[in-house]
Amino acid sequence: MKDLLKVENLCKNQILDHVSFTMDSGEMTAIMGPSGSGKSTLLYQISGMDQPSSGKVWLNGQEITGLSEDEKSNLRLHRMGFVFQQMNMMSNLNILDNILLPAIQANKGKKDNRKSKAELTENAKKLMQKLSISDLADRSITQASGGQLQRACICRSMINQPEILFADEPTGALNKSTAAEVMEEFVELNREGTTILMVTHDSKIASRCSRILYLLDGSIHGELILGKSDTITEKEREERVSQWLMEMGW
């Protein structure tokens, strides 16, 4: 199987030190490690939001670290999705229009196969229905809970059918029960084929992923393979992750 994502000897000043790994299409991988280990920095380098000091990243066979800033911006818009702890929703737009925004931006840049506003809106509404927030379409962002807004952010990240979804502490601002509900949405997206690379400090959240990479002092110091979520029970997954993290010095 061809690697969807390939990271080779990635360095960023004194933060990242020759990080290398690959991801197959359909994987859900968590990056864990102590504060200051370089987790978020790694995500920013891989996605082209920042330029590494050295090393290379390939997405579906295309080397992206050498692209211009405009080319990287276009790649992020059309081929990547992003979900962050800080949700970055536009306060002057309702929730549906926040979800639609990247689709409208992507549509403007197309020479062929442009979609009508009605088609884009229908796609957004289907995503909202899938994540059980259809009734929030006309609400402002101040009229929704944190969990509802994070679901809207997931919809926004998926509106352009990305090849890979990057998530940086997507449940970090949520309480435990809401975080678990939002994580279920990520698991379901992954079951449907979405490739996800997620930074998290929460071992319970990480246990739902198929693989965990442990980052320490800017380098990968360990890897745990858990497999798909239906291969072992949730409790067994959590126990394996807790034991492994202890071995890592967590």
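User: How many aromatic pairs does the structure hold?
Analyst: This is a predicted model, and aromatic rings are a convenient place to begin reading it. Ring pairs are described by the distance of the centres and the angle of the planes. The number of aromatic pairs that the structure holds is four.

User: Is the aromatic pair of Phe 82 and Phe 84 stacked or edge-to-face?
Analyst: The ring centres of Phe 82 and Phe 84 are 6.0 Å apart, and the angle between their planes is 5°. Planes under 30 degrees apart count as stacked, whereas those over 60 count as edge-to-face. The pair formed by Phe 82 and Phe 84 is therefore stacked.

User: Which parts of the chain does the pair of Tyr 214 and Trp 244 tie together?
Analyst: Tyr 214 and Trp 244 form an edge-to-face pair, with 6.0 Å from centre to centre and 90° between the planes. Tyr 214 belongs to a strand that covers residues 211-216, while Trp 244 belongs to a helix that covers residues 234-248, so the pair joins parts that are 30 residues apart in sequence. Those parts are strand S9 and helix H8.

User: Is Trp 244 buried or exposed?
Analyst: A residue counts as buried when its relative accessible area is under 20%. For Trp 244 that area is 7%, so Trp 244 is buried.

User: Which residues form one aromatic cluster with Phe 82?
Analyst: Phe 82 has a relative accessibility of 16% and counts as buried, and a core of 25 residues, separate from the largest one, includes Phe 82 together with Ile 31, Leu 59 and Leu 197. The residues that form one aromatic cluster with Phe 82 are Phe 84 and Phe 166.

User: How many residues does the largest nonpolar core have?
Analyst: Among the residues with the most contacts inside this core are Ile 95, Ile 99 and Met 128. Leaving aside residues up to four places away in sequence, Ile 99 touches several others, including Ala 124, Met 128 and Ile 159. The number of residues in the largest nonpolar core is 49.

User: Is Gly 193 buried or partly exposed?
Analyst: Gly 193 and Thr 194 both have their place in the loop between H6 and S8. Thr 194 is buried, with a relative accessible area of 11%. For Gly 193 the relative accessibility is 41%, and since buried means under 20% and exposed means over 50%, Gly 193 counts as partly exposed.

User: What distance separates the C-alpha atoms of Gly 193 and Glu 163?
Analyst: Gly 193 and Glu 163 are 30 residues apart along the chain. The distance between their C-alpha atoms is 9.6 Å.

Notes: Residues numbered from 1 in each chain as written. Predicted model: local features only at pLDDT ≥ 70, side-chain atom pairs only at ≥ 80, totals over all residues. Heavy atoms only, no water. Phe/Tyr/Trp six-rings, centres within 6.5 Å; stacked < 30°, edge-to-face > 60°. Buried < 20%, exposed > 50% of the residue type's maximum accessible area, 1.4 Å probe, protein only. Helix = DSSP H or I, 4+ residues; strand = E, 2+ residues; numbered from the N terminus. Core = buried A, V, L, I, M, F, W, Y, C linked by side-chain atoms within 4.5 Å. Contact = heavy atoms within 4.5 Å.
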